[in-house]
Each structure stands twice: as structure tokens, then as C-alpha cells.
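Got your viewer open? Let's take a walk through this protein, one selection after another.

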Amino acid sequence: MSDGIYINDEAVENDASGISGAAAYFMMDALVPSDCRTTLTANAMGQQAYANSQQVISALGENLEREVTNIRSIGATFTQYDVMMAALLKSGVRYPVLTSGE
């Protein structure tokens, strides 16, 4: 068994920052130029398809930001777990240990 859990906080933060930076590019963008005068069904359907794609892109950005939060919290959770386990080991054995009478 290992002596501890080693968390590279710098690597965790670098990865989280990189993902967060990428997430900034995934936001809704208006269709420019947009044809508002044509009454063709294809025009309306094309604009709707674009709007739907923008909603999906926005949702991806939101999910990436959520994952950044998860990545940061997992590192902190492992650090807390390591501290807790170290405290348990320092406190000793909970029950008496039987040994042979040799």
C-alpha cells in the first residue's frame, strides 16, 4: 500500500484552465446575415436548424464548465481523503491486535 495519495495540484489546475478556456468558444452566435424577408420553407427550416445547432453548442460549453468544476473538486476530495487516512493511521489501531506467544 502506498504511503499517500499524491495530487499534482498544478497539473489539475492547468488541465481545468485549458478546458475552461476551450469552453469559452462554445456559446450561441447569431446567424449573420439572416434572410428575414424570404418566405420559403427551406429558409425557415435552415434558420431553425442553425438555432438548434447553436443551442447544442451552448449546452456543450455549459457541460465543459461543469466538468471543470468536477475536475477541481476531485483533486480537493482526494487531498481531503489522504489527510483523513493519515490521521487514522496516526491514531493507531482501533482494536487490540492478537499476536502469537512465541
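Is G21 buried, partly exposed or exposed? Select G21 and show the surface: with a relative accessible area of 37%, G21 is partly exposed, because partly exposed covers the range between under 20% for buried and over 50% for exposed. One thing to keep in mind as you click around is that this is a predicted model.

**Zoom out**

Now switch to a cartoon view of the whole chain. You'll find 2 helices and 0 strands. Colour residues 9–23 for helix α1, then pick another colour for residues 41–91, which make up helix α2. Of the 102 residues in the protein, 9% are buried. Turn on the accessible surface and you're looking at about 8,500 Å², with 61% of that belonging to carbon and sulfur atoms. As for contacts with a separation of 6 or more, 83% of them involve residues 24 or more positions apart.

**Where the helices meet**

Show α1 and α2 together. How far apart are their axes? The answer is 8 Å, and the two helices pack at an angle of about 170°. An angle over 145 counts as roughly antiparallel, so that is how α1 and α2 run relative to each other.

To see who makes the contact, select D9, V12, E13, A16, S17, I19, S20 and A23 on the α1 side, then G61, L64, E65, V68, I71, R72 and T79 on the α2 side. Colour them by class and you get 7 nonpolar, 4 polar and 4 charged residues.

Back to G21 for a moment, which sits in helix α1. Draw a distance from its C-alpha to that of L64, and the viewer should give 9.7 Å, for two residues 43 apart in sequence.

**The salt bridge**

Side chains of opposite charge can pair when their charged atoms come close. How many salt bridges does the structure hold? Just 1. To find it, show the side chains of E13 and R72, whose closest N and O atoms are 2.8 Å apart. This pair links distant parts of the chain, with E13 in helix α1 and R72 in helix α2, 59 residues apart. Both partners are partly exposed: E13 has a relative accessibility of 34%, and R72 comes in at 35%.

Stay on R72 and bring up its surroundings. Leaving out residues up to four places away in sequence, R72 touches V12, E13, A16 and S17. You can also draw a line between the C-alpha atoms of R72 and D9: they are 8.8 Å apart, although their positions lie 63 residues apart along the chain.

**Two buried stops on α2**

Next, select Q54, also part of helix α2. Its relative accessible area is 7%, so Q54 counts as buried. Which residues is Q54 in contact with, once neighbours within four places are set aside? They are M27, M28 and D29. The C-alpha atoms of Q54 and D29 are separated by 6.7 Å, with the two residues 25 apart along the chain.

Last stop: S58, again in helix α2. At a relative accessible area of 16%, S58 is buried. Show what it touches beyond four places in sequence, and F26 and M28 light up. You've met M28 before, as one of the contacts of Q54.

Key
Residues are numbered from 1 along each chain as its sequence is written. This is a predicted model: local features need pLDDT of at least 70, side-chain atom pairs count only at pLDDT 80 or more; totals for chains, interfaces and linings use all residues. Side-chain values use heavy atoms; hydrogens and water are left out. Helices (H or I, at least four residues) and strands (E, at least two) are DSSP runs, numbered from the N terminus. Buried means under 20% relative accessible area, exposed over 50%, partly exposed in between (1.4 Å probe, protein chains only). Contact means heavy atoms within 4.5 Å. Axes are lines fitted to C-alpha atoms, for helices over the stretch in contact, and angles run from 0 to 180 degrees between N-to-C directions. Angles under 35 degrees count as roughly parallel, over 145 as roughly antiparallel, 65 to 115 as roughly perpendicular and the rest as oblique. Ala, Val, Leu, Ile, Met, Phe, Trp, Tyr, Cys and Pro count as nonpolar, Asp, Glu, Lys and Arg as charged, and the others, Gly among them, as polar. Accessible areas come from the Shrake-Rupley method with a 1.4 Å probe; for residues, only the protein chains shown count as cover. A salt bridge is a side-chain nitrogen of Lys or Arg within 4 Å of a carboxyl oxygen of Asp or Glu.
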